[in-house]
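Student: I have the sequence and the model open, but I get lost when I try to take in everything at once. Please pick one part, look at it closely with me, and then show me how to read the rest in that way.

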Amino acid sequence: MNLGNLLKEYLEIKGYAVTLARDGIDAQKKYEPGGWDLLILDVMMPYRDGFTIARDIRKKDNKIPIIFLTAKALKEDKIEGFESGADDYLTKPFSMEELQARIKAVLRRTSTNLDLSEANKPEISLGKFQFNYTLQNLKHENEEIKLSTKEADLLRMLCLYKNNIMLRELALKEIWGADDYFSARSMDVYITRLRKYLKADPSVQLMNVHGKGYKLIVTE
């Protein structure tokens, strides 16, 4: 089994949704801005190397976390990796446990580097809705919906990730304080409630992203 298949199998066992690209051209085709939470790039991929792909991706997306895997351990190679847009750089050989720790660290670090300016406004516009987190209400035309604390917390977090994927695991830990079955079922109930509130405006959709989480899509 090659390294790509081995990594895919290991990370799926650990609960990640994984898409494997066989070479640099395949990776470029499968990449879609906003569709991924993290990219792991092998520097020495056939056809197009990881550094080139990272530079191309950074022209479109400067937020997606990128981890390089490589046998190139020279200082100059690491510098080129970070200049290409890497968030982390892991040299072979490495353990699967170390890779998982690096993934968690990068996701934790990058998830707190979001643009908070919009979500910290007194009122957030979502299509025809006005959401006030402090007052815990959601206004639409002449109707006002009073939100519970959990509903307000969840909607604010969705606003932080507006038009991007909010990881289910991250929301559970941030709002419920635990990623377990009962917390997950509780969050499903609140997601259903928010979806019911938001259906009054077709330009605002709360979508499930299978195996990952949720995406609040607002069509401007």
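Tutor: Happy to! Let's begin with a term we will need: two strands pair if DSSP finds at least two bridges between them. Keep in mind too that this is a predicted model. Its mean pLDDT over the protein chain is 85, and 92% of the residues reach 70 or more. Our part is built around strand β6, residues 137-140, where confidence is highest, at a mean of 94. Helix α5, residues 96-111, is where confidence is lowest, with a mean of 80.

Let's look at the partners of β6. On one side is strand β5 (residues 129-132), and the two strands pair in the antiparallel sense over four bridges. One of these bridges joins F129 to H140 in β6. The other partner is strand β7 (residues 143-146), which also pairs with β6 in the antiparallel sense, again over four bridges. Here H140 stands opposite E143 in β7. H140 is therefore a handy residue to highlight, because it has F129 as a bridge partner and stands opposite E143, while β5 and β6 meet the cut-off of at least two bridges for a pair.

Now follow the chain through the turns. The hairpin of β5 and β6 has four residues between its strands, and within it Q136 takes a positive phi near 55°. The hairpin of β6 and β7 has two residues between its strands, and there E141 takes a positive phi near 55°.

Q136 deserves a longer look. It lies in the loop between β5 and β6. Its relative accessibility is 21%, so Q136 counts as partly exposed: the cut-off for buried is under 20%. Leaving aside neighbours within four places in sequence, Q136 is in contact with I145, K146, L147, S148, T149 and A152. Try finding A152 on your screen: Q136 and A152 are 16 residues apart in sequence, yet their C-alpha atoms are 5.7 Å apart in space.

A152 brings us to helix α6, where it is one of the buried residues. The others are E151, L154, L155, M157, L158, C159 and L160. You can check the length of α6 yourself. The helix has twelve residues (149-160), so at 1.5 Å a residue it should span 16 Å, and its end C-alpha atoms are 17 Å apart, which agrees.

Let's step back to the whole chain. Its secondary structure comes to eight helices and ten strands. The C-alpha atoms fill a box of roughly 60 × 35 × 25 Å along the principal axes. Of the 220 residues, 41% count as buried.

You can now try that way of reading on a few other residues. Go to helix α5 and find L99. L99 has a relative accessible area of 0%, so it is buried. Apart from neighbours within four places in sequence, L99 is in contact with L7, I40, L69, L90 and F94. L99 and T219 are 120 residues apart along the chain, and their C-alpha atoms are separated by 37 Å.

Next, D188 sits in helix α8, residues 181-198. With a relative accessible area of 19%, D188 is buried. Its side chain makes a polar contact with the side chain of R185, at 2.9 Å. Not counting residues up to four places away in sequence, D188 touches R168 and Y214.

Finally, look for rings. The structure holds six aromatic pairs. In one of them, the ring centres of F68 and Y89 are 6.3 Å apart and their planes are at 70°, so the pair is edge-to-face. F68 belongs to strand β2 (residues 66-70) and Y89 to strand β3 (residues 88-91), so this pair ties together parts that are 21 residues apart in sequence. F68 and Y89 are both buried. Y181 and F182 make another edge-to-face pair, 5.5 Å centre to centre with 80° between the planes, but both of these residues are exposed. F68 and Y89 also join F51 and F82 in one aromatic cluster.

Note on methods. Residues are numbered from 1 along each chain as its sequence is written. Side-chain values use heavy atoms; hydrogens and water are left out. The expected span of a helix is 1.5 Å times one less than its number of residues. Buried means under 20% relative accessible area, exposed over 50%, partly exposed in between (1.4 Å probe, protein chains only). A polar contact is a pair of N or O atoms within 3.5 Å; within protein, one must be able to donate a hydrogen and the other to accept it, and residues adjacent in sequence count only if both atoms are side-chain atoms. Contact means heavy atoms within 4.5 Å. pLDDT is the predictor's confidence in each residue, from 0 to 100. Rings of Phe, Tyr and Trp (its six-membered ring) pair if their centres lie within 6.5 Å; planes under 30 degrees apart count as stacked, over 60 as edge-to-face and the rest as tilted.
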